[in-house]
Amino acid sequence: MRKLVAGNWKMNGLASSLDELAALKDALSGAACDVLVCPPATLIARAAQTVKGAFALGGQDCHAQAKGAFTGDVSA
């Protein structure tokens with residue numbers, strides 16, 4: 001079974017953060033594990049264009065707070 005490395009951006013991340021995904025895509029060539037990144041819902045479509053299937057993308061649910069470290073959430 002392959003290991004999975006996953007991370008989310010919590011309520012952080014701007015469109016400029018997609019450059020980080022492009023760099024990660026290049027760095028993962030031949031990785032010995034599966035990778036999953038969960039950007040804010042507002043960036044999922046652009047993230048998918050950036051990574052072009054190089055690794056998995058996931059979504060986050062919604063939280064009532066305007067900002068903060070609420071794992072897996074994006075602000076409404």
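This is a guided tour of a predicted model, going from one selection to the next.

Before starting, note that residues are numbered from 1 along each chain as its sequence is written. Because the model is predicted, local features need pLDDT of at least 70 and side-chain atom pairs count only at pLDDT 80 or more, while totals for chains, interfaces and linings use all residues, and side-chain values use heavy atoms, with hydrogens and water left out.

**The sheet**

Begin by selecting residues 3-8, 33-38 and 56-57, which are strand 1, strand 2 and strand 3. Helices (H or I, at least four residues) and strands (E, at least two) are DSSP runs, numbered from the N terminus. Together the 3 strands form an open sheet in the order 1-2-3, with parallel pairing, where two strands pair if DSSP finds at least two bridges between them. Strand 1 and strand 3 are the edge strands, each of which pairs on one side only.

Keep strand 1 and strand 2 selected, and follow the 6 bridges over which they pair in the parallel sense; on this path Leu4 stands opposite Asp34 in strand 2. How many of the 6 residues of strand 1 are buried? The number is 0, so strand 1 lies largely in the open; here buried means under 20% relative accessible area, exposed means over 50%, and partly exposed is in between (1.4 Å probe, protein chains only). While the strands are on display, remember that in a regular strand the side chains alternate between the two faces of the sheet.

Now move to the other side of strand 2, where strand 2 and strand 3 pair, again in the parallel sense, over 2 bridges. Select Val37, and then look in strand 3 for its bridge partner, which is Leu57.

**The segment before strand 1**

Select Arg2, which lies in the segment before strand 1 and counts as partly exposed because its relative accessibility is 45%. If residues up to four places away in sequence are not counted, Arg2 touches Ala31, Ala32, Cys33 and Asp34, where contact means heavy atoms within 4.5 Å. For a view across the model, add Val51, which is 49 residues from Arg2 in sequence and 20 Å from Arg2 in space, C-alpha to C-alpha.

**The cysteines**

Next, select Cys33 and Cys38 and show their sulfur atoms. Why is there no bond for Cys33? The closest cysteine sulfur, in Cys38, is 15 Å from the sulfur of Cys33, which is too far for a bond. Cys38 is likewise in no disulfide, and a search of the whole structure finds 0 disulfides, a disulfide being a pair of cysteine sulfur atoms within 2.5 Å. Cys38 itself counts as buried, because its relative accessibility is 14%.

**The two helices**

Select residues 18-27, which are helix 1, and residues 44-51, which are helix 2. Their axes come within 9 Å and cross at roughly 30 degrees, so helix 1 is roughly parallel to helix 2. Axes are lines fitted to C-alpha atoms, for helices over the stretch in contact, and angles run from 0 to 180 degrees between N-to-C directions; angles under 35 degrees count as roughly parallel, over 145 as roughly antiparallel, 65 to 115 as roughly perpendicular and the rest as oblique. To see where the helices touch, show Leu18, Leu21, Ala22 and Lys25 of helix 1 together with Arg46, Ala47, Thr50 and Val51 of helix 2, which make the contact.

**The loops**

Select Ala15, which has its place in the loop between strand 1 and helix 1 and is partly exposed, with a relative accessible area of 30%. Leaving aside residues up to four places away in sequence, Ala15 touches Leu43 and Arg46.

Go on to Lys52, found in the loop between helix 2 and strand 3, where its phi is near 45 degrees, a positive value in a residue other than glycine. Is Lys52 buried or exposed? At 64% relative accessibility, Lys52 counts as exposed.

End at Gln65, in the loop between strand 4 (61-63) and strand 5 (73-75), which is partly exposed, with a relative accessible area of 42%. Adding Ala31 to the selection shows a residue 34 places from Gln65 in sequence and 36 Å away in space, C-alpha to C-alpha.
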